[in-house]
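Let's take a walk through this model, from the inside out and back again. Have the sequence and the 3D view open as you read.

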Amino acid sequence: MPNVMQRFLREWRIERRRKRERATVDLRGEEIVYTRKRKPQRIAWEAIAQIDAGVLAMVSGDLLYVVIAGSNLRWEIDEFVDGFAALETAIQSRYPSVREKWLELHRAHAHNDILVTLWKRD
């Protein structure tokens, strides 16, 4: 578990990045569009190779995030990005097996860093 100073610095860096990048997630048909620094990137649901989710311990509270990997890209999308709730719902409806692991992240691990693999293409 990171100490208070490390959690504070982490939170400060994430907040700076969030203001600078103004990221959004949009679900469009059979693809996800992640826009960061006004540069959209797209990935089709079929091209996703792995979905991870995690919690970062910070001073003001824990931060939930999702990592989507595939097609030579890796996105880290935190819960404060516009469209995160819709992405969360879409992931759970498209891959029903991830629901229990996702709920476990919400319930436990207070003030501890954790990263778990929710789904991986065989």
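Does Arg18 count as buried, exposed or partly exposed, and at what relative accessibility? Arg18 comes out at 23% relative accessibility, so it counts as partly exposed. Bear in mind throughout that this is a predicted model.

## Arg18 and its partners

Arg18 pairs up with Asp78 in a salt bridge, and their closest N and O atoms are 3.5 Å apart. This pair joins distant parts of the chain, with Arg18 in helix H1 and Asp78 in strand E6, 60 residues apart. The partner sits on the other side of the burial cut-off: Asp78 has a relative accessible area of 9%, so it is buried.

The story doesn't stop at two residues. Glu15 joins Arg18 and Asp78 in a network of salt bridges.

## Other salt bridges

How many salt bridges does a search of the whole structure find? The search turns up seven. One of the others is Glu31 with Arg42, at 3.1 Å from N to O. Glu31 belongs to strand E2 and Arg42 to strand E3, so this bridge ties together parts that lie 11 residues apart in sequence. Both ends are partly exposed, because Glu31 has 24% relative accessibility and Arg42 has 47%.

Then there's the bridge between the side chains of Arg74 and Glu76, at 2.5 Å from N to O. Here again you're looking at partly exposed residues: Arg74 is at 48% relative accessibility, and Glu76 has a relative accessible area of 43%.

## The main core

Now for the inside. In soluble globular proteins, nonpolar side chains tend to be buried together. The largest nonpolar core in this model has 27 residues, and Ile32 and Ile77 are the ones with the most contacts inside it. Plenty of elements chip in: strands E2 (31-36), E4 (50-57), E5 (62-70), E6 (73-78) and E7 (114-120), plus helices H2 (84-94) and H3 (99-107), each supply at least two residues of this core. H2 gives the largest share, with four residues.

To get a feel for the packing, click on Ile32. Setting aside neighbours within four places in sequence, Ile32 is in contact with Val25, Asp26, Leu27, Gln41, Arg42, Ile43, Trp45, Ile48, Ile68, Trp75 and Leu87. There's also a second, separate core of six residues, with Leu56, Met58, Leu63 and Tyr65 among them.

## How H2 is covered

Which residues of H2 are buried? They are Phe84, Leu87, Glu88, Ala90, Ile91 and Gln92. Leu87 has already come up as one of the contacts of Ile32. The cover over the buried residues of H2 includes strands E1 (24-28), E2, E4, E5 and E6, along with helix H3.

## The aromatic cluster

The structure has three aromatic pairs. In one of these, Trp45 and Tyr95 are tilted against each other, with 6.2 Å from centre to centre and 55 degrees between the planes. Trp45 is in the loop between strand E3 (39-44) and E4, and Tyr95 is in the loop between H2 and H3, so the pair ties together parts that are 50 residues apart in sequence. Trp45 and Tyr95 are both buried.

Ring pairs bring Trp119 in as well, making a cluster of Trp45, Tyr95 and Trp119. Trp119 is part of strand E7, and it counts as buried because its relative accessibility is 17%. Beyond neighbours within four places in sequence, Trp119 is in contact with Ile48, Ala49, Gln50, Ile51, Tyr95 and Val98. Ile48 is a contact of Ile32 too. If you want a distance to check in the viewer, the C-alpha atoms of Trp119 and Glu100 are 12 Å apart, with their positions 19 residues apart along the chain.

## A nonpolar patch outside

Finally, back to the surface. Val4, Met5, Phe8, Leu9, Trp12 and Val59 make up a nonpolar patch there, with about 580 Å² of accessible area together. Take Leu9 as an example: it sits in helix H1 (residues 4-21) and counts as partly exposed because its relative accessibility is 35%. Helix H1 also holds Arg18, the residue this tour began with.

How values were computed. Residues numbered from 1 in each chain as written. Predicted model: local features only at pLDDT ≥ 70, side-chain atom pairs only at ≥ 80, totals over all residues. Heavy atoms only, no water. Core = buried A, V, L, I, M, F, W, Y, C linked by side-chain atoms within 4.5 Å. Buried < 20%, exposed > 50% of the residue type's maximum accessible area, 1.4 Å probe, protein only. Contact = heavy atoms within 4.5 Å. Phe/Tyr/Trp six-rings, centres within 6.5 Å; stacked < 30°, edge-to-face > 60°. Patch = residues over 30% accessible without salt bridge, like charges linked within 9 Å, V, L, I, M, F, W, Y side chains within 5 Å. Areas by Shrake-Rupley, 256 points an atom, 1.4 Å probe, with all protein chains shown as cover. Salt bridge = Lys/Arg side-chain N within 4 Å of Asp/Glu carboxyl O.
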